[in-house]
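Please take a moment to look over the sequence and the three-dimensional model before reading on. The paragraphs below go through helix packing, nonpolar cores and a few individual residues.

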Amino acid sequence: MQKITKEVYLKWYEDMLFWRKFEDKLAAVYIQQKVRGFLHLYNGQEAVLAGALHAMDLTKDKMITAYRNHVQPIGMGVDPKRVMAELYGKGTGTSQGLGGSMHIFSKEHRFYGGHGIVGGQIPLGAGIAFGDKYHGSDAVTLCCFGDGAARQGSLHETFNLAMLWNLPVVFVCENNGYAMGTSVERTANHTDVWKLGLGYDMPSAPVDGMNPIKVAEAFDEAIQRARKGGGPTFLELKTYRYRGHSMSDAQHYRTKDEVEEYKKIDPITQVLDVILAEGYATEEEIKVIDKRVKDRVSECEKFAEESPWPEKSVMYDVVYEQEDYPFIQHKL
């Protein structure tokens with residue numbers, strides 16, 4: 001893993017701030033009904049992505065995640081204007097407006113979704129890693145999911161085969177505490193999700209998911225293990241989401257005071273504190289970064305607003321048609 005320098009701190013600050021403001025803008029336009037359907041925001045969890053990207057080799061490593069998936073592809077290199085356009089359902093989006101909020105995808109940048117089925121991406125992540133091993137690549141796949149998905153049977157099936165086949169995959173539980181709205185304490189008789197991996201002799205550990213340094217160190221160890229043929233790792237990133245599960249979540253399961261307590265260890269604030277304490281940037285230089293972030297978000301919104309809707313024919317271009325299908329009886 002490359003050293004965590006002044007430049008890394010400044011990049012983390014700008015990236016995480018941009019992701020936060022990008023999601024804030026989506027929340028605002030969602031209320032205006034410019035973005036429809038479900039909307040799951042990443043506010044508070046940014047350190048997980050920042051640390052992971054620092055440890056990854058973005059020229060070959062891959063990522064797959066659940067439906068809280070807007071900023072991950074941006075971090076991996078996808079144009080954020082195209083991501084916002086996809087959420088708007090516009091033809092310039094990452095999937096020409098057909099995927100929407102929960103299904104951002106980029107083969108070019110090795111980001112494989114965005115999956116609406118809870119836990120559905122877990123076996124797929126192992127499958128991607130299997131493909132890399134089969135073809136002799138030393139690429140590693142990060143397979144991310146929430147604490148709610150950790151209760152799916154597919155996780156255990158996948159863990160078993162991943163260990164049996166020694167796959168180059170890092171399983172990542174982004175434990176933000178509440179799944180859709182039920183706390184970890186109410187869904188199992190244990191609260192240490194990471195221990196699920198121990199039953200398969202998988203290297204497993206809890207990680208402070210609010211601190212990008214701790215995240216980067218844990219990911220680096222796991223990724224290097226996988227790259228060298230050491231097989232899977234299971235990391236439980238203990239993080240927190242400030243917003244509801246989705247925009248329709250009334251959040252009756254927690255108090256505002258609890259949210260404010262977690263904001264005291266906000267990942268963006270933690271990084272900014274180090275930047276200022278170490279003299280990596282002045283207050284004025286931070287203001288320049290803040291303005292640059294604000295302008296970038298505005299550019300994304302403008303692009304999405306002005307982009308055309310996809311042609312209706314696009315919907316039919318992705319539907320399989322076989323005119324001589326044997327079980328269809330055509331009327332004369």
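What follows is a walk through a predicted model, beginning with its helix contacts.

Helix α1, which covers residues 6–31, packs against helix α10, residues 283–306, at an angle of about 40°, and their axes lie 9 Å apart. Angles under 35 degrees would count as roughly parallel, and α1 and α10 are therefore described as oblique to each other. The crossing in which α1 passes α10 is right-handed. On the side of α1 the contact is made by Leu10, Tyr13, Glu14, Leu17, Phe18, Lys21, Phe22, Lys25 and Val29, while α10 contributes Ile286, Ile289, Asp290, Arg292, Val293, Arg296, Val297, Cys300 and Glu301. Sorted by character, the residues of this contact comprise 11 nonpolar and seven charged, with no polar ones.

A second helix pair is formed by α5, residues 121–134, and α6, residues 153–164, which pack at an angle of about 20° with their axes 8 Å apart. With that angle, α5 and α6 are therefore roughly parallel to each other, and their crossing is left-handed. Here Ile122, Pro123 and Ala126 of α5 meet Ser154, Leu155 and Thr158 of α6, a set that divides into four nonpolar and two polar residues, with no charged ones.

From the helix pairs the path leads to the interior. In soluble globular proteins, nonpolar side chains tend to be buried together. In this model the largest nonpolar core has 61 residues, of which Trp19, Leu26, Leu142, Val170 and Phe219 touch the most other members. Helix α1 gives the most to this core, with 13 residues. What does Phe219 touch, if residues up to four places away in sequence are not counted? The contacts of Phe219 are with Val48, Gly51, Ala52, Ala55, Leu142, Val170, Val172, Leu235 and Leu237. There is also a second, separate core of 20 residues, and among its members are Ile122, Ala150, Phe159 and Phe234; Ile122 has already appeared in the contact of α5 with α6.

Helix α1 also holds Arg20. Is Arg20 buried or exposed? Its relative accessible area is 12%, and because buried means under 20%, Arg20 counts as buried. Leaving aside neighbours within four places in sequence, Arg20 is in contact with Asn43, Gly44, Glu46, Tyr242, Asp266, Pro267 and Ile268. Another arginine, Arg36, is placed in the loop between α1 and α2, the latter spanning 46–55. Arg36 is exposed, with a relative accessible area of 57%, and its C-alpha atom is separated by 14 Å from that of Gly93, which is 57 residues away along the chain.

The last stop is the backbone. Most residues other than glycine have a negative phi. Asp201, however, has a positive phi near 60°, and this residue sits in the loop between β3 (169–175) and β4 (204–208). With a relative accessibility of 66%, Asp201 counts as exposed. Gln251 likewise has a positive phi, of about 60°, although it is not a glycine. The place of Gln251 is in the loop between β5 (233–238) and α8 (256–263), and at 24% relative accessibility Gln251 counts as partly exposed.

Terms used:
Residues numbered from 1 in each chain as written. Predicted model: local features only at pLDDT ≥ 70, side-chain atom pairs only at ≥ 80, totals over all residues. Heavy atoms only, no water. Axes fitted to C-alpha atoms, helices over the stretch in contact; angles between N-to-C directions. Helix = DSSP H or I, 4+ residues; strand = E, 2+ residues; numbered from the N terminus. Parallel < 35°, antiparallel > 145°, perpendicular 65-115°, else oblique. Left-handed = near helix turned anticlockwise from the far one by under 90°. Contact = heavy atoms within 4.5 Å. Nonpolar A, V, L, I, M, F, W, Y, C, P; charged D, E, K, R; others polar. Core = buried A, V, L, I, M, F, W, Y, C linked by side-chain atoms within 4.5 Å. Buried < 20%, exposed > 50% of the residue type's maximum accessible area, 1.4 Å probe, protein only.
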